[in-house]
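Open the model in your viewer and keep the selection tool handy. We will walk through it stop by stop, starting where two helices meet.

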Amino acid sequence: MASLSKARLQPDPFLNELTSMFERTTEKGSVWVTLKHSSDKSKAKRNKMKTAGEKIEFKCLIRATDGKKTISTLVGPKDHQRFQSSYATILKTRMTALKKRERKDKRKAAADSKKPSAAKPSD
């Protein structure tokens with residue numbers, strides 16, 4: 001299996017690359033985006049900071065992949081609001097290829113299941 005290329009980007013280049021990922025997969029394919037609470041420090045270093053009484057700044061780790069390429073970025077609390085609004089705009093404009101799910105009317109489905117099947121006439 002071929003290895004995925006990975007890149008940690010700054011938030012603005014990440015959004016640009018995410019947009020191009022959505023464009024590449026418009027006709028066929030998917031883009032997976034995950035968000036994770038992260039401090040970007042090892043557990044041992046966090047424990048040292050905690051015992052020393054230092055404040056640990058947590059960030060949001062955002063990863064996106066199209067199956068071929070993986071990109072990620074870390075967004076701090078100061079940049080989070082601006083990043084989130086830009087991210088939401090990208091999602092709204094790029095999710096036009098979604099298909100509306102066909103739902104059965106529950107009442108109609110219930111009525112169809114209650115109808116007795118046609119009985120064979122007995123001679």
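Start by selecting Pro11, Asp12, Phe14, Leu15, Leu18, Thr19, Phe22 and Glu23 in H1, then add Arg82, Phe83, Ser86, Tyr87, Ile90, Leu91 and Arg94 in H3: these two sets touch each other. Contact here means heavy atoms within 4.5 Å. Helices (H or I, at least four residues) and strands (E, at least two) are DSSP runs, numbered from the N terminus. Coloured by class, the contact of H1 with H3 shows 9 nonpolar, 2 polar and 4 charged residues. Ala, Val, Leu, Ile, Met, Phe, Trp, Tyr, Cys and Pro count as nonpolar, Asp, Glu, Lys and Arg as charged, and the others, Gly among them, as polar.

A word on what you are viewing: this is a predicted model, in which local features need pLDDT of at least 70, side-chain atom pairs count only at pLDDT 80 or more, and totals for chains, interfaces and linings use all residues. Residues are numbered from 1 along each chain as its sequence is written, and side-chain values use heavy atoms, with hydrogens and water left out.

**Stop 1: the two helices**

Show H1 (residues 11–24) and H3 (residues 80–94) as ribbons; they pack at an angle of about 10°, with axes 11 Å apart. That angle makes H1 roughly parallel to H3. Axes are lines fitted to C-alpha atoms, for helices over the stretch in contact, and angles run from 0 to 180 degrees between N-to-C directions. Under 35 degrees counts as roughly parallel, over 145 as roughly antiparallel, 65 to 115 as roughly perpendicular and the rest as oblique.

**Stop 2: the aromatic rings**

How many aromatic pairs does a search of the whole structure find? There are 2. Rings of Phe, Tyr and Trp (its six-membered ring) pair if their centres lie within 6.5 Å; planes under 30 degrees apart count as stacked, over 60 as edge-to-face and the rest as tilted. Select Phe14 and Phe83: their ring centres are 6.1 Å apart and their planes stand at 40°, so the pair is tilted. This pair joins distant parts of the chain, with Phe14 in H1 and Phe83 in H3, 69 residues apart.

Now add Tyr87. Its ring centre is 6.1 Å from that of Phe83 and the planes are at 10°, so this pair is stacked. Phe83 and Tyr87 are 4 residues apart in H3, which means about one helical turn separates them. Ring pairs thus link Phe14, Phe83 and Tyr87 into a cluster. Phe83 is buried at 2% relative accessible area, and Tyr87 is buried at 10%. Buried means under 20% relative accessible area, exposed over 50%, partly exposed in between (1.4 Å probe, protein chains only).

**Stop 3: the buried residues of H1**

Select Pro11, Phe14, Leu15, Glu17, Leu18, Thr19, Met21 and Phe22, the buried residues of H1. They pack against E2, E3 (59–65), E4 (69–75) and H3. Pause at Glu17, a charged residue that is buried at 18%. Beyond its neighbours within four places in sequence, Glu17 is in contact with Leu9, Arg24, Lys69 and Ile71.

**Stop 4: a loop residue**

Jump to Ser39, in the loop between E2 (32–38) and H2 (43–52). Is Ser39 buried or exposed? Ser39 is buried, at 7%. Ile56 is 17 residues from Ser39 in sequence and 7.1 Å away, C-alpha to C-alpha.

**Last stop: the whole chain**

Zoom out to find 4 helices and 4 strands, in the order β-α-β-α-β-β-α-α.
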